[in-house]
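Let's take a walk through a protein together. Have the picture open and turn it around as you read.

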Amino acid sequence: MSDWISWQDYCPYCGEPIELLLDPGFADPDAALVYSEDCQVCCRPIVVTLSIDDQGNYDCQLQMESDS
């Protein structure tokens, strides 16, 4: 069992720094995982797009719900 990965970014709504915990069990280079998570500061819904490349590097994109 792998440890969760801490990902730090900024809320697309309020601009405050936030931390997401990413599940390392997600490992499909052919498909992105898309889900919604509320900002820990302003509580607005953020669309999170998590992808992984062939080398196992994670990329996490955050968008406002209205932008998705």
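Start with the surface. The protein chain exposes about 4600 Å², and carbon and sulfur atoms supply 46% of that area. Keep in mind that you're looking at a predicted model. Of the 68 residues in the protein chain, 22% count as buried.

How about the overall dimensions? Measure along the principal axes, and the C-alpha atoms of the protein chain fill a box of roughly 35 × 25 × 15 Å. A compact globule with 68 residues would have a radius of gyration near 11 Å, and the protein chain has 12 Å, so the two agree.

Now for the building blocks. The protein chain has five strands and zero helices, so if you read from the N terminus on, the elements simply go β-β-β-β-β. Let's take these strands in turn.

Strand β1 covers residues 5-10 and is joined to β2 by six bridges, with the two strands running antiparallel. To see one of these pairings, find Ser-6, which stands opposite Leu-21 in β2. Together β1 and β2 form a hairpin, with six residues between them. In the turn you'll meet Gly-15, which has a positive phi of about 75°.

The other three strands make up an open sheet in the order β3-β4-β5, and their pairing is antiparallel. Which strands stand at the edges? They are β3 and β5: each has a single partner strand, so one side of each is left without a neighbour in the sheet. From one strand to the next, the twist averages 25°. Look at β4 and β5, which pair in the antiparallel sense over seven bridges. There, Ile-46 has Met-64 in β5 as its bridge partner.

Before moving inside, stop at the loop between β3 and β4, where you'll find Cys-43. The phi of Cys-43 is near 65°, a positive value in a residue other than glycine. Is Cys-43 buried or exposed? Cys-43 counts as exposed because its relative accessible area is 54%, and the cut-off for exposed is over 50%.

Time to look inside. In soluble globular proteins, nonpolar side chains tend to be buried together. Here, the largest nonpolar core has 13 residues. Those with the most contacts inside this core are Ile-18, Leu-20, Ile-46, Val-48, Leu-50, Cys-60 and Leu-62. Which elements give two or more residues to this core? They are β2 (17-22), β4 (45-52) and β5 (58-64). The largest share, four residues, comes from β4.

Zoom in on Val-48, one of those core residues. If you don't count residues up to four places away in sequence, Val-48 touches Leu-20, Leu-33, Val-34, Tyr-35, Glu-37, Cys-60, Gln-61 and Leu-62.

Further along, Ser-51 also lies in strand β4. Ser-51 counts as partly exposed because its relative accessible area is 26%, and partly exposed sits between the 20% and 50% cut-offs. Leaving aside neighbours within four places in sequence, Ser-51 is in contact with Phe-26, Ala-32, Asn-57, Tyr-58 and Asp-59. Now compare sequence and space: Ser-51 and Pro-29 are 22 residues apart in sequence, yet their C-alpha atoms are 6.8 Å apart.

Finally, zoom back out to the whole protein chain. Take the contacts between residues at least 6 apart in sequence: 35% of them join residues at least 24 apart.

Definitions and conventions:
Residues are numbered from 1 along each chain as its sequence is written. This is a predicted model: local features need pLDDT of at least 70, side-chain atom pairs count only at pLDDT 80 or more; totals for chains, interfaces and linings use all residues. Side-chain values use heavy atoms; hydrogens and water are left out. A nonpolar core is a set of buried Ala, Val, Leu, Ile, Met, Phe, Trp, Tyr and Cys residues joined through side-chain atoms within 4.5 Å. Buried means under 20% relative accessible area, exposed over 50%, partly exposed in between (1.4 Å probe, protein chains only). Contact means heavy atoms within 4.5 Å. Two strands pair if DSSP finds at least two bridges between them. Axes are lines fitted to C-alpha atoms, for helices over the stretch in contact, and angles run from 0 to 180 degrees between N-to-C directions. The radius of gyration is taken over C-alpha atoms; the globule rule is 2.2 Å times the number of residues to the power 0.38. Accessible areas come from the Shrake-Rupley method with a 1.4 Å probe; for residues, only the protein chains shown count as cover.
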